[in-house]
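This report looks at side-chain contacts, internal cavities and unusual backbone geometry in one protein chain. The sequence and the coordinates come first, and the discussion follows.

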Amino acid sequence: MSIRIVKNVAFLAVLLMSLQCTSQKQEKQAPNIIFVLADDMGIGDVQAFNAEGKIATPNLDLIAAEGMRFTDAHTSSAVCTPTRYGIITGRYNWRSPLKSGVLTGTSKALIRPDQATVASMLKEKGYTTAFVGKWHLGWDWALKNDSLGLGNGWNADDFENIDFTKPISNGPNSRGFDYAYGHAGSLDMAPYVYVENGMATSQPDRETVNEGKYSWWRKGPTGSDFIHEEVTPHYFEKAEEFIRKESMAGKPFFLYLALPSPHTPILPTKEFQGKSGLNPYGDFVMMVDAYMGELEKAIKEAGIEENTLLVFTSDNGCSPAAKIDELQAEGHYPSYVYRGHKADIFEGGHRVPFIVKWPGKVAAGSVSDETICTTDFFATCAGIVGHEIQDNEAEDSFSILPALFQEKLDRPIREATVHHSINGSFAIRMGDWKLAMCPGSGGWSMPRPGSKELKGLPELQLYNLKTDPGETHNVEAENPEKVKELKALLVKYIQEGRSTPGAAQANDPIEEDWKQIEFTKN
């Protein structure tokens, strides 16, 4: 045998061993995890959940067809900030100092420095972690004068003491994210400045407000590179850039992409204006769907589709800012068959589209009717990476892996689920039964808190969602034992500081600095 042949044989052997090792490494490597959170999108806005919906969502429908859709998925709150808190911490939002409403663009950090987050947990397990988008969980702006403080964020003069040339503190980077790029609050809440890894990417050079029918936002300082109409496309671009980069890094990544859309300001780009044939909100939903298609394309082109867990959901139901009456007049129902909308204790406030795609792990075209909550994301990720949850972590998070893998269970994943409205009203759901601890919506639909329509209504509401999904018939008077059972369980969850098994924990008190903030505005 010649020397050349021997060398060739040796080279082939080494090559085969290398390929085998690479294959084994890919099989053993934990999956990439991408969590996409839409803002104010109703369950009826995605045709995979509402076949009679009038807004075309072909890309989301395809993701659902390639994965699993959950028909009974809920956010922990019916509004923005609290739901985000629950996703990141695995803890019900009302255990935080924020007992009702939402934060603003000047609010302090809501997540405690010592609080475990899904990002910090995955980072400890070797993941590269990234946040892109709408944070809305508070951070601490640098101040020009520490003794003056900031306004509450609702007024145009609340931002004068912010020093945009200095780094923020207590932002996403200090809560477990290696990379962070986004803005402070909702897209209608100033200041309008991109912050990348703690530093503003530009200095405010103007104050902006748009008084359009659907595109209104509050007046406030705006960065020279911040253009409202381009924010959603820009965040998708940043997310795809991160995916391309990390797909070549040889280690798993976690990407939390928190969209500012289709929340107000409703800003479909020119390409999508008029496309739905309904109104600008319908166009905006179609735009989000189209960009989800581009995100999927980026995942596939990066060669990581087979080892990527993709979740798509919304932070609460559709907002009345979408002009729901106009949509319904055209036969489109953003809340599908459910009562209410964003901010409400009714199902339309917190029952949301929830899709999971994980090739080879989650069966294509599968459907789960299991009741789940967005707080369950922490425990699900912990189950994937083998993290043992401590007593002071993820107190309200249950792994949904059994549902994803279609395992036969002798009991539901969740004993019960607690819902929360914008004004701090509670409801508890167990099986088919739901008990609301308030009369009316607890939110923005009628009968709303403080309205004359509440007069004479029972203080509690009990619904059987199996026979009455639209919550039209309050049966609390006919079922006193069920009311007693559910109320006792809710009290137990509150007093013990957790709804999962484990040692009792303390709920956070209201911080003194926040008592004067008008949380009910949004």
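## Backbone, charges, rings and cavities

Tyr336 is placed in the loop between α7 (324–329) and α8. The model is a predicted one, and in it the phi angle of Tyr336 is near 60 degrees, a positive value in a residue other than glycine. With a relative accessible area of 34%, Tyr336 is partly exposed, whereas Tyr338 counts as buried at 16% relative accessibility. The ring centres of Tyr336 and Tyr338 lie 6.1 Å apart with their planes at 65 degrees, so this pair is edge-to-face.

Glu471 also has a positive phi, of about 50 degrees, although it is not a glycine. Glu471 belongs to the loop between β18 (461–464) and α11 (480–496), and with a relative accessible area of 1% it is buried. Its side chain takes part in a network of salt bridges that links Asp72, Glu347, Arg351, Arg429, Lys434 and Glu471.

Two cis peptide bonds can be described alongside these residues. One runs from Ala190 to Pro191, with omega near 0 degrees, and Pro191 lies in the loop between β5 and β6 (195–196). Another joins Thr264 and Pro265, where omega is about 0 degrees, and Pro265 is found in the loop between β10 (253–258) and α6 (280–301).

### Salt bridges

Over the whole structure, 28 salt bridges are found. Side chains of opposite charge can pair when their charged atoms come close. The table lists three such pairs with their N to O distances.

| Basic residue | Acidic residue | N to O distance |
|---|---|---|
| Lys134 | Asp39 | 2.5 Å |
| Arg351 | Asp72 | 3.3 Å |
| Arg91 | Glu395 | 3.8 Å |

What does the salt bridge between Lys134 and Asp39 tie together? Lys134 lies in strand β4 (residues 128–134), while Asp39 lies in the loop between β1 (32–38) and α2 (58–65), so the pair connects parts that are 95 residues apart in sequence. Lys134 is buried, with a relative accessible area of 0%, and Asp39 likewise counts as buried at 0% relative accessibility.

The salt bridge between Arg351 and Asp72 has an N to O distance of 3.3 Å. Arg351 sits in the loop between α8 (347–350) and β12 (354–357) and Asp72 in the loop between β2 (68–70) and β3 (73–74), so the pair ties together parts that are 279 residues apart in sequence. Both Arg351 and Asp72 are buried, and both belong to the salt-bridge network that includes Glu471.

For the salt bridge between Arg91 and Glu395, the closest N and O atoms are 3.8 Å apart. This pair links distant parts of the chain, with Arg91 in the loop between α3 (80–89) and α4 (118–124) and Glu395 in the loop between α9 (377–385) and α10 (401–404), 304 residues apart. Arg91 counts as buried at 1% relative accessibility, and Glu395 counts as buried at 3%.

### Aromatic rings

The count of aromatic pairs comes to 23. In one of them, the rings of Trp141 and Phe164 have their centres 5.3 Å apart and their planes at 70 degrees, so the pair is edge-to-face. Trp141 and Phe164 are both in the loop between β4 and β5 (179–183), 23 residues apart, and both are buried. Elsewhere, ring pairs link Phe35, Phe131, Trp135, Phe177, Phe254, Tyr256 and Phe377 into a cluster.

Charged groups also lie over rings. The charged end of Arg69 sits over the ring of Phe49, 5.9 Å from its centre, and Lys238 lies over the face of Tyr181, at 4.5 Å from the ring centre.

### Cavities

Five cavities of 30 Å³ or more are found in the whole structure, and the largest holds about 90 Å³ of space. This largest cavity is lined by 13 residues, of which Val311, Phe354, Phe377, Thr380 and Ile400 are the closest to its centre. The elements that give two or more residues to its lining are β11 (308–314), β12, β14 (372–373) and α9. By residue class, the lining divides into ten nonpolar, two polar and one charged. Phe377, one of the residues closest to the cavity centre, is also a member of the aromatic cluster that includes Phe35 and Trp135.

Technical notes: Residues are numbered from 1 along each chain as its sequence is written. This is a predicted model: local features need pLDDT of at least 70, side-chain atom pairs count only at pLDDT 80 or more; totals for chains, interfaces and linings use all residues. Side-chain values use heavy atoms; hydrogens and water are left out. A salt bridge is a side-chain nitrogen of Lys or Arg within 4 Å of a carboxyl oxygen of Asp or Glu. Helices (H or I, at least four residues) and strands (E, at least two) are DSSP runs, numbered from the N terminus. Buried means under 20% relative accessible area, exposed over 50%, partly exposed in between (1.4 Å probe, protein chains only). Rings of Phe, Tyr and Trp (its six-membered ring) pair if their centres lie within 6.5 Å; planes under 30 degrees apart count as stacked, over 60 as edge-to-face and the rest as tilted. A charge sits over a ring if NZ of Lys or CZ of Arg is within 6 Å of the ring centre and within 35 degrees of the ring normal. On a 1 Å grid over the protein atoms alone, a cavity is a set of points where a 1.4 Å probe fits but cannot get out, and a pocket is an open set with protein on both sides within 12 Å along at least five of seven lines; lining residues have an atom within 4 Å of a point. Grid points are joined across faces, edges and corners, and a volume is the space filled by probe spheres set on the points. Ala, Val, Leu, Ile, Met, Phe, Trp, Tyr, Cys and Pro count as nonpolar, Asp, Glu, Lys and Arg as charged, and the others, Gly among them, as polar.
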